[in-house]
Amino acid sequence: MQADPPARSAVVDLGSNSVRMVVFDGVSRNPVPIFNEKAVLRLGRGLTTTGRLNEEGVALAVDVLRRFYAIARGMNADPFEILATAAVRDAVNGPEFVASLRQLMPDVPIRILSGIEEADHSALGVLCGIPEANGLVADIGGGSLELIRIDSEGRHDADTLPLGVIHLSDRASGNIANAKVIADADLAGVQWLTGMRGKTLYLVGGAFRALARLEIARTDYPLNIVHYYTLNPLAARDMTGWLIQSNRKALERLPNAPRKRLDDVPFAATVLRRLIRRIEPEKIVFCVDGLREGWYALNVAPDLQSLDPLETVSRDMCARLGRSDTLPNALIDWIQPIFRGETDHQRRLRETACRLSDVGSHDHPEYRAEQTYLRVLRLQGAGFDHQARAALALALAIRYEAEPDTASYLRTSRSLLNDEMFTWGITLGLALRLAYVLCGGTERLLQGTRLELNDTELCLHLTSARVAVRGDAVRRRLTRLAQVMKLSGIMDEAPQTTIIPG
């Protein structure tokens, strides 16, 4: 019997500036893109003057979408849908263009989203990647800027403004001073924005992502991941000022500069600068999940959105790469006594680390620590910020015998973590290292052993049934863990007690 083809879905985001198709693999809490391709069309160029889609962009769009259609059908993507946004909905020849696409792809739904629908999809995408998000989502495209308020109760107060980078450039005749005045006037018309003061600002859209990539390059930031890249308002104002004033040649010299976006950068930076001035956010968070991931959450995996994305990805990785799906729960309970007073955030990360603690089991032993470190540090999506990535990656590298003083690849964690969280990561890693030398990855051998903590001592209790796990390796690892915690280590082997100096 022939196996069923894998479940896949695809969405095309047909925007004013570019068109992108993403094919997602399977149905899960966290979207898994297996194809992601973009083409710059500039459909909205000149729309303000002519009222029509750019003819050159229309011709290019037909060629690109014909290819996307063949790929999606070849990959058995179902559902497969095309979402058209500002340029198509505003142009007088938008319906004619959509009709031609329907002739080309008669079996593919093509939806022209309203500005409010576009904002709602973007908000769903942000919540897919950052489920605890609370504040203002701003999604910039070529034709429009969508604004929507999100909190624990849902999505509210959506608005759409003609402040997309192409539209704004046309309205301002390419002049940044004019763009500033236009952006201020448009934002002033959104009355509910006054209630967003002091909230977090979440930035979505290719032009905003281009700002983040350039700032990451300029500052030599240690992690080249846009998702969850976070700036305080002062740093964001400095970034936007630099980008508005810089010429294209200067930006092109930066590593990995998004060359096709550089003409849009001053206008995206202007919109962001005026928005920051208007709402005075607590912080600015860049998010790569937007309209397409919102479509996925709404149409492919709506029943899974209540799940914790970090827990989900760690369970999936444990099942694929680990040796036991029951040991992690035992580790969570076994390690817990030495993390008294941990915050909810630290508890969540500790539990995640336990689930990920064996994902390097099949890697080459000489590279196991580094490979695991990079795998976790650079994990796609998963709903955790850069500091969480750095802390988890550090803990798992230490679990696999990495030495924090000599392993050069740990420098990203040193850069991103404060002293408290760096020590926390080392402590967790050493606790996991001790657990694995005790049990060898077998839950049964961990049973009957336990850790006990008091103000001066860390005690490892071993029952007489655990003779097989006693030995110098256990003592060394207990000693190391106790030293980091500034305690003395005691191994209680009942009836004899061995004291290990701290």
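The following conversation asks how spaces, helices and an annotated span are named in a predicted model.

Biologist: How many cavities of 30 Å³ or more does a search of the whole structure find?

Modeller: The search finds two. The largest cavity holds about 340 Å³ of space. The second largest cavity holds about 50 Å³.

Biologist: What makes a space a cavity and not a pocket?

Modeller: A 1.4 Å probe fits in a cavity but cannot get out, whereas a pocket is open. The space of about 340 Å³ is therefore called a cavity because the probe cannot leave.

Biologist: Which residues lie nearest the centre of the largest cavity?

Modeller: Asp13, Ile140, Gly141, Gly206 and Arg292 do. The whole lining has 27 residues. Four elements each supply at least two of them: β2 (18–25), β6 (135–140), α8 (206–219) and α12 (291–299).

Biologist: How do the lining residues of the largest cavity divide by class?

Modeller: Six are nonpolar, twelve are polar and nine are charged. Gly counts as polar, so Gly141 and Gly206 fall in the polar class. Asp and Arg count as charged, so Asp13 and Arg292 are in the charged class.

Biologist: What lines the second largest cavity?

Modeller: Its lining includes Ser16, Gly44, Leu47, Ile166 and His167. Two elements give two or more residues, α3 (86–90) and α6 (165–171). The most come from α3, with three. By class, this lining has four nonpolar, five polar and one charged. Asp counts as charged, so Asp90 is that charged residue.

Biologist: Now the pockets. What is the volume of the largest pocket, and which residues are closest to its centre?

Modeller: The volume is about 980 Å³. Of the 38 residues that line the largest pocket, Pro33, Val288, Asp289, Gln380 and Gly381 are the closest to the centre. Six elements give two or more lining residues: β2, β3 (33–40), α5 (115–129), α8, α12 and α13 (309–321). The largest share, five residues, comes from α13. The lining divides into 15 nonpolar, eleven polar and twelve charged residues.

Biologist: How do you know that Trp424 belongs to the lining of the second largest pocket?

Modeller: A lining residue has an atom within 4 Å of a point of the pocket, and Trp424 is listed because of that rule. Other lining residues include Phe339, Arg340, Glu420 and Met485. This pocket has a volume of about 270 Å³. Helix α19 (residues 419–439) gives the largest share of the lining, four residues. Five lining residues are nonpolar, four polar and three charged.

Biologist: Why is α8 called roughly perpendicular to α9?

Modeller: Two packed helices are described by the angle between their axes and the distance between the axes. The axes of α8 and helix α9 (residues 233–245) cross at roughly 95° and come within 11 Å. Angles of 65 to 115 degrees count as roughly perpendicular, so α8 is roughly perpendicular to α9.

Biologist: Which residues meet where α8 and α9 are in contact?

Modeller: From α8 come Leu211, Leu214, Glu215 and Arg218. From α9 come Asp238, Met239, Trp242 and Leu243. The contact has five nonpolar, no polar and three charged residues. Glu, Arg and Asp count as charged, so Glu215, Arg218 and Asp238 are those three.

Biologist: Which residues does the UniProt domain annotation cover?

Modeller: The unreviewed UniProt entry gives "domain: Ppx/GppA phosphatase N-terminal" for residues 23–295. In the model, the end C-alpha atoms of that span lie 12 Å apart. The span is 47% helix and 19% strand.

Conventions:
Residues are numbered from 1 along each chain as its sequence is written. This is a predicted model: local features need pLDDT of at least 70, side-chain atom pairs count only at pLDDT 80 or more; totals for chains, interfaces and linings use all residues. Side-chain values use heavy atoms; hydrogens and water are left out. On a 1 Å grid over the protein atoms alone, a cavity is a set of points where a 1.4 Å probe fits but cannot get out, and a pocket is an open set with protein on both sides within 12 Å along at least five of seven lines; lining residues have an atom within 4 Å of a point. Grid points are joined across faces, edges and corners, and a volume is the space filled by probe spheres set on the points. UniProt positions are given in the numbering used here, feature names are shortened, and annotations may be inferred rather than shown by experiment. Axes are lines fitted to C-alpha atoms, for helices over the stretch in contact, and angles run from 0 to 180 degrees between N-to-C directions. Angles under 35 degrees count as roughly parallel, over 145 as roughly antiparallel, 65 to 115 as roughly perpendicular and the rest as oblique. Contact means heavy atoms within 4.5 Å.
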